[in-house]
Amino acid sequence: MVPDVSTGSRTYGLLAYLYGPGRRDEHTDPHIVAAWMPELALDPGRDPAATLKQLTDRLDLPVLALPKERRPARHVWHCPVRTAPGDRYLTDAEWAEVARRIVHATGIAEYGDDKACRWIAVRHADDHIHIVATLKREDGRSPRRHEDGIRAQAECRNIEKEWGLQILNEGDGTAAQRPTSAERAKAERTGRPEPARETLREKVRQALAGAADEAEFFRRLTEAGLRLEIRRAPSGDALGYKVALPGDRNHDGQPIWFPGSRLAPDLSLPQIRRRLVPDPSEDESSSAVRPAERPARARRTASYVAEQAVTHLVSDDDAVGAAQLVGVGELLDAIAQTAPAATRKELAEAARAFERATRSHTRAEHADHRALRSAARGIVRAGNALGKGEDGGTTAMLLSTVVLAVIATIRWHSARGHAQQAAAARRAAEHLRAAYRTAAFTPMATMREQGRRLPAPQRDRYAQVLEGTLSDQAPRIRREPGWDALAATLAQAERAGHDSEVLLQQAIEWRELETADNVSDVLVWRLRRIADLPAAPDPLRTLTNRREPPTSPRAPQAATQPRPVQSDASTPRRPGPRH
């Protein structure tokens, strides 16, 4: 059961919508199921003589009785309450009970208070009601409705348990504010795919992803086509900011501004400044890479950093873990905005879903996500990746690792009772898996074909190597579709001068593999990153015993890792305890 509290200024406009046909003629039989005083609440849905104007006047009477200077600008309280898909049908009497419990819990009209606010509950569909109240009591005072949204959520959880309905995830007050019904209606009326608030939130997060400093963040906002207004102190220092979509205006023709804090709790300027911790260890060496190679190289680097984030998330340091979640969120935002067209939609949905998983009441040590922010910055600065060749292969490499990081996020939140965040991470994981399958299809198909062409004795030798290094999972891996690609990768690594057994042992020790959907896929990409092998092998190349040069001229003959960007906390090289 989902309540959604908002406020507005037009009682008549809201009632006209509730009693009207709806935006797609979905409203059926609108009528009042409960009210502050049923005998006074005229119901235009049941009484042919009653009008919306009469009902509006009766609801607004305590507000209109006050001097104009004492009337609240937004005097209409609106709370739709909806059952979850699959819940049983509720009768009018049951919905009336729901409404009375919600207005009591939120302080709108507590039981036995004959001076409470006026309110009604309108039903025009099987699965929800709309509670409408005016925010002045009969005695002229304002209701005590502090944290009314949280209290409405808590009461819905109680009703779910008592009535045997689906028990939804409990919130913790760290979620971003959802669009109001008026914002959703405007988006539909103007033909926008979503309310302005959601578009702006995504644009601001993408502008923040990997931004080096405040100036770069503000510059990215304007480059993204947003209207930007910065509030400054007399000294010239920025005190805050707000953004608006071009063309999004109110009745007076003024831009509809959203401060960062209204988009999400972590997008206020003070919170953003906490993220923008300077990284003294970062250099600009990536700028020396040839332009055609930059997106691929940036993704390789990010894959390594994402592996480190996984090890942090299985440790016992909550502050460091919370920081890693923020960093993974920025990395996802960076990947989504530079992704090839074939995976862009899924990655955008993954980033949007994961946004909820980046916030909880656990305070993050932001210095500990500098490596992830640096990786995100490298991806953004490298530009859009192609969906083929080395760009496409390294995209699959990175997504394979990010899926593991998101799975670790699910476990991290679940262990701490963060139900909404864990559910958000699960949604993100599903989108990431879909994007990975698309990105990995061509390079994995090429590697599987190359693996199938290997001589039988060579394949048998790799099977023995696998059995010796990962005996408990070897049978499962050899049954996976990626086994042929793994054999091809080991063959290519040997030609580049690596010892296949040593290399495989190093890949296995980097982190436990129990959470991987396909262990062979994870090992393929991990081995190719460690050995600096091409992420998109040439489909026409025949695997021979000739040695081949690695993808970068500085790659060593033995397996090594690129130098990580260190944080203030020590970076573990070995996995933490399994959970």
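How many bridges link β5 and β6, and in which sense do the two strands pair? The answer comes in the first view below.

A note before you look: this is a predicted model, where local features need pLDDT of at least 70, side-chain atom pairs count only at pLDDT 80 or more, and totals for chains, interfaces and linings use all residues. Residues are numbered from 1 along each chain as its sequence is written, and side-chain values use heavy atoms, with hydrogens and water left out.

**View 1. Strand β5 and its partners β3 and β6.** β5 and β6 pair in the antiparallel sense, over 6 bridges. (Helices, H or I with at least four residues, and strands, E with at least two, are DSSP runs numbered from the N terminus; two strands pair if DSSP finds at least two bridges between them.) Between β5 and β6 sit 4 residues, and the two strands make a hairpin. Look for tryptophan 119, whose bridge partner in β6 is alanine 133. β5 also runs antiparallel to β3, joined to it by 4 bridges; here isoleucine 32 has valine 122 of β5 as its bridge partner. Strand β5 covers residues 117-123, and 7 of its 7 residues are buried, so it is largely enclosed by the rest of the structure. (Buried means under 20% relative accessible area, exposed over 50%, and partly exposed in between, with a 1.4 Å probe and protein chains only.) In a regular strand, side chains alternate between the two faces of the sheet. In β5, Cys117, Trp119, Ala121 and Arg123 are on one side, Arg118, Ile120 and Val122 are on the other, and all of them are buried.

**View 2. An open sheet made of β7, β8 and β9.** This sheet has 3 strands in the order β7-β8-β9, with antiparallel pairing. β7 (227-232) and β9 (258-259) are the edge strands, each pairing on one side only. β7 is joined by 6 bridges to β8 (residues 238-244), and the two run antiparallel. To find your way, start at arginine 227, which stands opposite alanine 244 in β8.

**View 3. Helix α14 from end to end.** α14 takes in residues 389-415, 27 in total, and its first and last C-alpha atoms are 40 Å apart, close to the 39 Å expected at 1.5 Å a residue. (That expected span is 1.5 Å times one less than the number of residues.) The helix is mostly covered, with 22 of its 27 residues buried. Just after α14 comes glycine 417, with a positive phi of about 75 degrees.

**View 4. The second largest cavity.** Rolling a probe the size of a water molecule over the atoms shows where empty space is left. Searching the whole structure turns up 2 cavities of 30 Å³ or more, and the second largest holds about 50 Å³ of space. (On a 1 Å grid over the protein atoms alone, a cavity is a set of points where a 1.4 Å probe fits but cannot get out, and lining residues have an atom within 4 Å of a point; points are joined across faces, edges and corners, and the volume is the space filled by probe spheres set on them.) Its lining includes Ser303, Met397, Trp525 and Arg529. The elements giving two or more residues to this lining are α10 (294-313), α14 and α20 (519-530).

**View 5. Aspartate 29 and glutamate 147, two residues with positive phi.** Most residues other than glycine have a negative phi. Aspartate 29 is not a glycine, yet its phi is positive, about 50 degrees. You'll find aspartate 29 in the loop between α1 (11-19) and β3 (31-35), partly exposed at a relative accessible area of 43%. Glutamate 147 also has a positive phi, near 55 degrees. Glutamate 147 sits in the loop between β6 (128-137) and α4 (148-163) and is partly exposed at 45% relative accessibility.

**View 6. Serine 360 in its loop.** Serine 360 is in the loop between α12 (341-354) and α13 (370-382). It counts as buried because its relative accessibility is 18%. A polar atom of the serine 360 side chain lies 3.2 Å from the backbone nitrogen of threonine 362.

**View 7. Valine 328 and alanine 405.** Valine 328 belongs to helix α11 (residues 318-337) and is buried, with a relative accessible area of 3%. Valine 328 and alanine 405 are 77 residues apart along the chain, and 7.7 Å separates their C-alpha atoms.

Terms used
On a 1 Å grid over the protein atoms alone, a cavity is a set of points where a 1.4 Å probe fits but cannot get out, and a pocket is an open set with protein on both sides within 12 Å along at least five of seven lines; lining residues have an atom within 4 Å of a point. A polar contact is a pair of N or O atoms within 3.5 Å; within protein, one must be able to donate a hydrogen and the other to accept it, and residues adjacent in sequence count only if both atoms are side-chain atoms.
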